[in-house]
Amino acid sequence: MKKDYSLEKRKYVIAGLLILLVVIYLIRLFELQVFDSKYKENADSNAFLRKTIYPSRGQIFDRKGRLVVYNQPAYDVMVIPREIKPDFDSIDFCNTLQIDIEELRRRFDDMRNPRKNPGYSSYTQQVLITHISAKDYGRLQEKLYRFPGFFIQKRILRQYAYENAANVLGNIREVNDNDIKKDDYYRPGDYTGDLGIEKSYEPYLRGFKGQEILIRDANGRIKGRFENGARDIAPISGKDLTLGIDIDLQAYGEKLMQGKTGAIVAIEPATGEILALVSSPTYNPKMLVGRERGKAYRELMNDPAEPLFDRAIMAAYPPGSTFKPTQGLIFRQEGIVSLSTAYPCYRGYICGRLKVGCHGHESPITLKPALRTSCNAYFCWGFKNMIDRRGKYGSPSQAFEVWKNYMVEQGYGYRLGVDLPGESRGFIPNSKFYNKVYGENGWSANTIISDAIGQGEILATPLQIANLAATIANRGYFYTPHVVKHIHDSVMPKEFLTKRVPKINRQYYEEIVEGMRMAVTGGTCRGAQLRDIEVCGKTGTAQNPHGRDHSAFMGFAPMNNPKIAICVYVENAGFGATFGVPIGSLMMEMYLNGKIAPERQHIEDRMLSTSITLYKKKR
């Protein structure tokens, strides 16, 4: 009898299909038990309620131990959507919280929207309403038994003891989708630092969340703690911070800058700790707290005065004559000038058809008197004799690279690395920049002569200018400027403890110090004279193509064993001696003496009463 091979084949096909179905069934079971958390969440939520316990956020103190930022309790209304009863009395719920029914519907829609609330699950707790008032909390707590599925989550809100230093402190906000994707610590409804040190020190300040596991009965009612709390996780509080900021000095600087646009940066030279970081116009940090934060933030964003723009570290200005001490240091280090080298100044630098103006003073002039009088011609001649010295450098391009590298070592052209977000790098061009603009070897010192006096393409932040003052005060080194002085129970990042030393001999810094002292005793900074305190300073009047010149000052005091280095930059305020010098001297006097001398009270009155704010178009 002939064998039926087609029947034999069908038998194997059917067996294979049965095996395939069993494999698919097993794979699906594995996925449901291992990868799909929905069923586990369902089972767990029937038996347990896992409540997050939020840690206390680290507090912030100023350098004298005064509490600046602290915590206050806040309450969020949480909900597990699947536990809401069909007969939920939404009217009573809305009346209790004093919201209308449309608002409640909108909040539920937002909560269920996967774009606004990624990872939404009806089995897990969700944030419905944030920051309810203490009165609303009390009313809801009394009625909570009427609303199954709802509970109240205690959180922490920031509170501010002072109305100052908003740009330094920052604030906290609710996390967004990007925050959650970047850091698995966060869940929808959590808060994170936004701006200032709240953002840059977020990992220290936030602490670690805890968890409480509660047992439910068959009706979903809480019956107690699971295993008497043995499985609970206690939260760990965030670390407290002590700032280098003197909050009284900060407040005084903000007061002096009212009605003005610009910045003040004060640094302790010996440590790099920032004593004051004023940006003007500013705002009250208490504005960005609570349920009205979003509205207040939008108002600040739309304000033409740009109070959220931290001019102390973000604004890049032409440094003007505050740049000249760096030039003197480079010329001395490179052997371009000696202390006896004198250059002519016929009311300015004149080379062929090129002229850079200057004011009347003695001529010819040497380095220290040039700093005293802020002579443009001296630094233009020095710059020309360096950049065009082919015998020493080979070409202007190579000479300029040497010059540029010195500038970078002194803290210009790149971010210094301050512990605040958003720092600008300013701008120091290199030879490639000019080769692209003028062609290879198509330029010389005269082409870019404005660089010699802090104009042209040169841009610097007030922080960089203050850091130069600190470097000169230290006679040749600086620490990366930083706002935070100490992290409690932790070690400061090493970049703030490492000395940075430009390749310039100490003796040349001593010469620049003497020139800056001469500027105060009998030069452009005479308004910075203080009784019994030797102040060293340098004015800056920076040309502004968009309007009136900017007024700048940088200096330090005392001359020996300096305690404070400072930069003041006031937009559209004219000569450096008009606003930069008096504001800078008042800040130094207040910090060193704790008060303003009676004979200088009229200077303080004038600074406090003068308004020169001119708002530009929004950036």
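Reader: Leaving aside its neighbours within four places in sequence, which residues is Ile197 in contact with?

Author: In this predicted model, and with those sequence neighbours set aside, Ile197 is in contact with Ile60, Val168, Leu169, Glu202, Leu205, Leu241, Leu243, Asp419, Leu420, Val483 and Val484. Ile197 also belongs to the largest nonpolar core, which has 101 residues, and it is listed with Phe383 and Trp403 as having the most contacts inside that core. Apart from it lies another core, of 33 residues, including Ile566, Phe579, Met587 and Ile603.

Reader: Why is Tyr252 called buried?

Author: Buried means under 20% relative accessible area, and Tyr252, with a relative accessible area of 8%, therefore counts as buried. Tyr252 lies in helix H10, which covers residues 247–256.

Reader: What makes the link between Tyr252 and Glu604 a polar contact?

Author: A polar contact requires a pair of N or O atoms within 3.5 Å, and the side chains of Tyr252 and Glu604 are joined at 2.7 Å, so the distance meets the cut-off. Beyond four places in sequence, Tyr252 is in contact with Glu604 and also with Leu586, Met587, Met590 and Ile596. Of these, Met590 is 338 residues from Tyr252 along the chain, while the C-alpha atoms of the two are separated by 8.4 Å.

Reader: How do you know that Glu268 forms a salt bridge with Arg63?

Author: The closest N and O atoms of Glu268 and Arg63 are 3.4 Å apart, and the rule asks for a side-chain nitrogen of Lys or Arg within 4 Å of a carboxyl oxygen of Asp or Glu, so the pair qualifies. This pair links distant parts of the chain, 205 residues apart, with Glu268 in strand S11 (residues 262–268) and Arg63 in the loop between strand S2 (60–61) and strand S3 (67–79). Both Glu268 and Arg63 are buried.

Reader: What makes Arg106 partly exposed, and which residue does it form a salt bridge with?

Author: Partly exposed covers the range between under 20% and over 50%, and Arg106, at 40% relative accessibility, therefore falls within it. Arg106 forms a salt bridge with Asp110, the closest N and O atoms being 2.8 Å apart. Both residues lie in helix H4 (residues 101–112), 4 residues apart, which is about one turn of the helix.

Reader: Why are Lys384 and Asp388 put in separate classes, buried and partly exposed?

Author: The cut-off for buried is under 20%; Lys384 has a relative accessible area of 18% and is therefore buried, whereas Asp388, at 26%, is not under that limit and so counts as partly exposed. Their side chains nevertheless meet in a salt bridge, at 3.0 Å from N to O. By the salt-bridge rule the count comes to 36, and a network of salt bridges links Asp62, Lys64, Arg66, Asp246 and Asp248.

Reader: How do you know that Ser424 is buried, given that it lies in a loop?

Author: The class rests on accessibility, and at 17%, against a cut-off of under 20%, Ser424 therefore counts as buried. The loop in question runs between helix H16 (396–409) and helix H17 (431–438). Not counting residues up to four places away in sequence, Ser424 touches Ile313, Met314, Ala316, Arg415, Thr461 and Gln464, and its side chain reaches the backbone nitrogen of Gly426 at 3.1 Å.

Reader: Why is Leu21 called exposed?

Author: Exposed means over 50%, so Leu21, with a relative accessible area of 56%, belongs in that class. Leu21 has its place in helix H1 (residues 5–35), and together with Ile14 and Leu18 it makes a nonpolar surface patch of about 320 Å².

Conventions:
Residues are numbered from 1 along each chain as its sequence is written. This is a predicted model: local features need pLDDT of at least 70, side-chain atom pairs count only at pLDDT 80 or more; totals for chains, interfaces and linings use all residues. Side-chain values use heavy atoms; hydrogens and water are left out. Helices (H or I, at least four residues) and strands (E, at least two) are DSSP runs, numbered from the N terminus. Buried means under 20% relative accessible area, exposed over 50%, partly exposed in between (1.4 Å probe, protein chains only). Contact means heavy atoms within 4.5 Å. A polar contact is a pair of N or O atoms within 3.5 Å; within protein, one must be able to donate a hydrogen and the other to accept it, and residues adjacent in sequence count only if both atoms are side-chain atoms. Patches are made of residues with over 30% relative accessible area and no salt bridge: like charges are joined within 9 Å, nonpolar side chains (Val, Leu, Ile, Met, Phe, Trp, Tyr) within 5 Å. Accessible areas come from the Shrake-Rupley method with a 1.4 Å probe; for residues, only the protein chains shown count as cover. A nonpolar core is a set of buried Ala, Val, Leu, Ile, Met, Phe, Trp, Tyr and Cys residues joined through side-chain atoms within 4.5 Å.
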